[in-house]
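Take a look at the structure below. This report walks through a few of its residues and how they pair up.

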Amino acid sequence: MEASVILPILKKKLAFLSGGKDRRSGLILTIPLCLEQTSMDELSVTLDYLLSIPSEKCKARGFTVIVDGRKSQWNVVKTVVLMLQNVVPAEVSLVCVVKPDEFWDKKVTHFCFWKEKDRLGFEVILVSANKLTRYIEPCQLTEDFGGTLTYDHMDWLNKRLVFEKFTKESTSLLDELALINNGSDKGTQQEKERSIDLNFLPSVDPETVLQTGHELLSELQQRRFNGSDGGVSWSPMDDELLAQPQVMKLLDSLREQYTRYQEVCRQRSKRTQLEEIQQKVMQVVNWLEGPGSEQLRTQWGIGDSIRASQALQQKHEEIESQHSEWFAVYVELNQQIAALLNAGDEEDLVELKALQQQLSDVCYRQASQLEFRQNLLQAALEFHSVAQDLSQQLDGLLGMLCVDVAPADGASIQQTLKLLEEKLKSVDLGLQGLREKGQSLLDQISNQASWAYGKDVTIENKENVDHIQGVMEDMQLRKQRCEDMVDVRRLKMLQMVQLFKCEEDAAQAVEWLSELLDALLKTHIRLGDDAQETKVLLEKHRKFVDVAQSTYDYGRQLLQATVVLCQSLRCTSRSSGDTLPRLNRVWKQFTVTSEERVHRLETAVAFHSSAEKILQEGPEQPEAFSEMEQFDEIEAVGKSLLDRLTVPVVYPDGSEQYFGSPSDMASAAEHIREKMKLVSLKKQQLRQPEATTPES
């Protein structure tokens with residue numbers, strides 16, 4: 001019977017064991033009767049429960065029953081005493097009926113119990129409360145009977161409920177733990193695992209039950225006090241009454257079984273963790289070798305443009321993102337496996353190392369394939385980027401070649417030609433870079449590992465190889481066509497440079513010829529002081545004319561070259577309408593001026609020669625001057641020369657130009673006049689002898 005079942009009855013305190021003992025060390029059972037009618041059935045239930053608490057050894061020492069009838073009637077007391085015969089006849093050694101003062105007929109009551117003594121089996125005495133100490137020590141009596149023993153019924157009842165609950169739970173828990181622990185110690189590993197799986201979780205928390213037991217034991221061990229006689233240590237919750245040894249024994253058994261249970265849990269947890277790790281490892285391995293590898297096997301292209309390569313890179317990033325989730329699981333699993341390996345359980349070391357090695361091999365192989373694919377796509381993107389840049393350069397160069405050249409001068413042509421050469425050099429460098437990128441990409445493709453673990457990827461790669469080689473060949477052909485066009489354009493531009501050069505040189509020839517004409521008019525004015533000097537001037541003038549002739553011929557040749565170049569370039573020359581007429585006009589002016597200069601010099605040579613001849617002949621040769629015509633001729637040549645000095649040069653266009661300044665002409669004329677005076681004086685000298693001869 002459990003206290004929790006009859007808790008409402010026990011709360012009525014119809015009877016109780018206070019913990020006190022009589023002089024024979026028998027337990028004292030107190031039945032406090034009250035004014036209200038006491039239910040015998042409830043009292044019987046209460047007594048049955050109370051008498052079930054002490055041990056058999058304690059029961060053998062007998063009970064002293066105190067029936068407190070001070071607040072009850074005699075017939076009720078009598079009924080209770082008679083009931084004890086049926087409830088605990090063998091255990092009761094003495095019944096003390098506490099009577100009220102001045103109540104009941106002493107003789108009748110005493111005689112009645114004395115008469116029934118043999119039939120009852122125990123002694124019944126009628127005693128006042130103050131005389132109860134004759135039979136029981138005061139320290140073993142509660143305060144209701146003048147004793148010093150403290151008893152709190154509700155406290156006892158609560159402790160009893162706790163004790164019974166602990167006993168029930170601990171006993172049940174011990175059975176469950178024993179079943180779990182024994183099941184883990186027997187049979188094969190599979191049976192052990194089945195036993196653990198079926199009976200692993202106890203119905204109550206062992207920690208809670210142990211805590212309850214320790215608290216209960218602490219309460220029991222603290223409820224001690226010293227008696228008044230002999231200093232003997234007594235306890236209201238004695239070892240035999242409240243079973244401290246039972247609590248201690250249960251706690252010891254619980255600790256032992258719980259320790260074993262914790263070890264079983266640790267082993268099972270370790271096994272469960274190992275199984276979970278193995279399961280997760282297989283999940284990672286199966287995904288990487290299954291869907292993960294299949295994703296990579298289907299992504300073998302490199303794209304045919306920058307946009308296509310970027311789209312493939314984006315797709316690859318999505319694949320990498322999916323792989324990253326599994327790689328994160330791999331890192332976590334690797335840490336868990338490392339922790340288990342550090343724990344040092346030898347029976348699991350081989351299996352753990354095998355799992356770790358398998359997981360690492362698969363993850364590293366997949367990571368290498370992802371990295372290879374990423375590098376391949378990056379190389380393809382760089383190849384297509386270089387190809388696009390080169391294509392744009394070729395388009396720009398072609399566009400430049402398709403536009404007709406119409407430069408303003410040779411410098412602009414040279415600048416355009418330089419720009420053309422720079423673009424062609426840039427194209428060469430771009431094509432070289434494309435070849436390098438293409439070869440690097442081809443090398444990566446040729447070294448590509450099989451994503452299918454042995455599957456031949458030659459067929460898939462052939463399309464990529466053909467595309468790369470096709471792009472490089474196409475760029476080579478486009479570059480060759482541009483080079484051919486550049487050669488044609490270079491030749492044309494060089495011809496145009498030559499054309500402009502010829503025009504510039506022809507214009508320069510006109511300038512030079514104009515400068516020669518100007519020098520002829522302004523500086524070539526002297527006629528010489530004698531025949532020898534005049535001849536020297538005449539010789540210099542012929543050389544001067546030769547230079548002018550060469551300049552004119554050079555200009556004519558340049559203009560002829562411009563005509564040929566214009567015909568080759570199919571363009572009209574500006575020289576034919578501008579430079580050539582100017583060249584011819586200046587040359588005609590120079591020719592007229594030169595002829596005039598030659599004529600004057602030749603006349604001066606004749607004048608000086610004749611004059612010097614006459615002036616050098618002596619007077620002893622009068623026969624040489626017999627004819628006066630020579631003097632007249634010299635005078636005529638001199639006058640003609642003087643007249644010519646005053647006449648301007650008349651050009652074919654009607655314009656006129658004088659040699660030198662008027663002062664220069666006056667100086668030249670003065671020399672001629674002086675020499676004419678000498679000739680005239682010579683003439684007079686020759687005439688005087690002729691005049692004197694007839695007189696004599």
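## A salt bridge early in the chain

Asp22 is buried, at 6% relative accessibility. This is a predicted model. The side chain of Asp22 meets that of Arg24 in a salt bridge, with 3.3 Å from N to O. Arg24 is partly exposed, at 44% relative accessibility. So the salt bridge joins a buried residue, Asp22, to a partly exposed one, Arg24.

The search of the whole structure finds 25 salt bridges. Two further pairs come next.

## Salt bridges of helix 15

Arg478 and Asp395 form a salt bridge through their side chains, at 2.6 Å from N to O. Arg478 belongs to helix 15, while Asp395 belongs to helix 13, residues 346–402. The pair therefore ties together parts that are 83 residues apart in sequence. Arg478 is buried, with a relative accessible area of 17%. Asp395 is partly exposed, at 42%.

Lys479 and Glu483 also meet in a salt bridge, at 2.3 Å from N to O. How far apart are Lys479 and Glu483 in helix 15? They are four residues apart, so about one helical turn separates them. Lys479 is buried at 11% relative accessibility. Glu483 is buried at 17%. Elsewhere, Glu421, Asp487 and Arg490 are joined into one network by salt bridges that share partners.

## Cysteines without disulfides

How many disulfides does a search of the whole structure find? It finds zero. Take Cys402, which is in no disulfide. Its nearest cysteine sulfur belongs to Cys482 and is 8.4 Å away. A disulfide needs the two sulfur atoms within 2.5 Å, so this pair does not qualify.

Is Cys402 buried or exposed? Cys402 counts as exposed, at 56% relative accessibility. Cys502, by contrast, counts as buried, at 8%.

## Two buried residues and their contacts

Asn464 sits in helix 15, which covers residues 458–522. Asn464 is buried, with a relative accessible area of 4%. Which residues does Asn464 touch, not counting those up to four places away in sequence? They are Trp300, Gly301, Ile302 and Ile445.

Lys59 lies in helix 3, residues 56–60. Its relative accessible area is 16%. Buried means under 20%, so Lys59 counts as buried. Neighbours within four places in sequence aside, Lys59 is in contact with Leu51, Ser52, Pro54 and Glu91.

Definitions and conventions: Residues are numbered from 1 along each chain as its sequence is written. This is a predicted model: local features need pLDDT of at least 70, side-chain atom pairs count only at pLDDT 80 or more; totals for chains, interfaces and linings use all residues. Side-chain values use heavy atoms; hydrogens and water are left out. Helices (H or I, at least four residues) and strands (E, at least two) are DSSP runs, numbered from the N terminus. Buried means under 20% relative accessible area, exposed over 50%, partly exposed in between (1.4 Å probe, protein chains only). Contact means heavy atoms within 4.5 Å. A salt bridge is a side-chain nitrogen of Lys or Arg within 4 Å of a carboxyl oxygen of Asp or Glu.
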